[in-house]
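Trainee: I've got a model open and I'd like to learn how to read its strands, helices and buried residues. Can you walk me through a few?

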Amino acid sequence: MELYKLSKLSSVTELQNSTENKDITGITESSSKVKAGYLFIAVKGHEVDGHDFIEEAVERGAAVVIGEYPAEQISVPYIQVDNSRKVLGQLAAAFYGFPSRDKLVIGVTGTNGKTTTSLFIQHLLKKIGYRVSYFGTIFNEVNGVRTKSALTTPPSCFIQEQLSQSDDEAVVIEVSSQGLAQHRMEGLEFDYALFMNLQHDHLDYHNTMEDYFYSKKRLFSYLKSNGKAIVYTDDDWGMKLKNLLEQEGREVLTVGSKNNANIQIDEILKTNGMISIEQDTYKVKSPLPGTYNVINTIMAGSVVYDMGKSFNQINDWIQDIEQIAGRFESYLIKDEVYSVVDYAHTAEAVDLLLKTVREVYPKYRLIHIFGFRGNRDITKRNKMIEVSSKRSDKTILTLDDLNKVPEEEMKEEYKKYLDKGIVVEMDRTRAVYKAAAAAAGPTIIVVTGKGHETYQQHFELGTATDTETVKLIRKQLKK
């Protein structure tokens, strides 16, 4: 595609003002992927600055380079822009023919529940008869082929390229606040955007809850002209979002137990809920335990309900969804000793999870194992300890990944918790093994914070997920 045509299709004014007109054969922000005729866009990352790789990109055959800083002695045309991340998304969408315009596109954002709700939506859409692409925390899926996911929300160029090659009629995307702040959704157009909740997390990145909120809100600016927001308004931030969107003229479908929600939640029990929509009442049954999963089910169901399906149908369709990795995975380790693996990584999520575990295993001793991430938001740590101590019979502090933070640094950090009766075992796998081996009588060992994610440990296994760890320990204890 000629650069001139690309500039006309996109909204990048700097490109439209350029007199250059090269034939562009590809577009990328990764210098290692550049081929002859490519447009290379230099993006400043958290750890790596793409501007440092401009020379490499040119050597590989880049026809044009775009960046944010003044550049000298470049042998190909260079165009300076204010925000290269934003430009990357806009140009990628134009280069690949705006593929989201011809698909049903659904984005889900929120601190907790994104993955579960998104996978519920994908499952329901498949039940209706759609072929559905997926981009999220656990995997990406296009044309029925699943690949491992590196980021919750992939880079814009990757998504645009994948959608241009997809024969799927719909796409569901988990949308993270970092992805939004880094303009990874730029150039995409959504039919539905869902807001789940906003809780204390990622403040190492966003600094304040207000910044965090407005990063989430950016998703709704990408709605198509007839697109719709679905907002959980029992969350105070959700109510604020609903009011702001309505002031902007957006159509909003609200879900909640108060504030006269469009889909009114009348009652929620362990796995069931009752909802009212105008004069009709429906029972909703979640395939996973916990009141929060009932809400996830209702939020997912709201999408296909708005598409004309009944909640009675939704209730039937959702029940045979496959086990979601790292979301309330329950395993028998040995007689009367179970383990639950869950990704819960905020105080609110851990509180709801442990409360649910108590309901499912009411007569069991509860041991909670979790760790803190190095170089991450440290302001939520005390709250997580308080929740764990309140809900558990025993708390074991460990590390998420021995390779991610100096062990001695975290040992010093953990000292202040020892006088609260907290047990510390730095190796995550060893912590689970010791708890399981010593357990006698009805015991439930809850391991949170990593779920489907792999981590490096010393104890025999090397790199593994919590699920793989639990399965290995179960095998060892049965010998």
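Mentor: Let's take a strand, a helix and a single side chain in turn, bearing in mind that this is a predicted model.

Trainee: Which faces of strand β2 (residues 38-41) are covered?

Mentor: Start with the general idea: in a regular strand the side chains alternate between the two faces of the sheet. In β2, Y38 and F40 sit on one side, L39 and I41 on the other, and all of them are buried, so both faces are covered.

Trainee: Which strands pair with β2, and in what sense?

Mentor: Strand β1 (residues 26-28) pairs with β2 in the parallel sense over 3 bridges, with T28 opposite F40. Strand β3 (residues 64-67) also pairs with β2 in the parallel sense, over 3 bridges, and there F40 stands opposite V65. Follow the chain and you'll see that β2, helix α3 (residues 54-59) and β3 form a right-handed β-α-β unit.

Trainee: What span should helix α17 (residues 466-477) have?

Mentor: Count 1.5 Å a residue: the 12 residues of α17 should span 16 Å, and the end C-alpha atoms are 16 Å apart, which agrees. Its buried residues are D466, T467, T469, V470, I473 and Q476; what covers them includes α16 (428-438) and β21 (443-448).

Trainee: Is N296 buried or exposed?

Mentor: Buried means under 20% relative accessible area, and N296 has 5%, so N296 is buried. This residue is found in helix α11 (residues 291-306). Its side chain makes a polar contact with the side chain of T117 (3.3 Å). Beyond its neighbours within four places in sequence, N296 is in contact with G113, T116, T117, F120 and M196.

Methods:
Residues numbered from 1 in each chain as written. Predicted model: local features only at pLDDT ≥ 70, side-chain atom pairs only at ≥ 80, totals over all residues. Heavy atoms only, no water. Helix = DSSP H or I, 4+ residues; strand = E, 2+ residues; numbered from the N terminus. Expected span 1.5 Å × (residues − 1). Buried < 20%, exposed > 50% of the residue type's maximum accessible area, 1.4 Å probe, protein only. Contact = heavy atoms within 4.5 Å. Pairing = 2+ DSSP bridges. Right-handed = clockwise from strand over helix to strand, strands pointing away. Polar contact = N/O pair within 3.5 Å; in protein donor to acceptor, adjacent residues only side chain to side chain.
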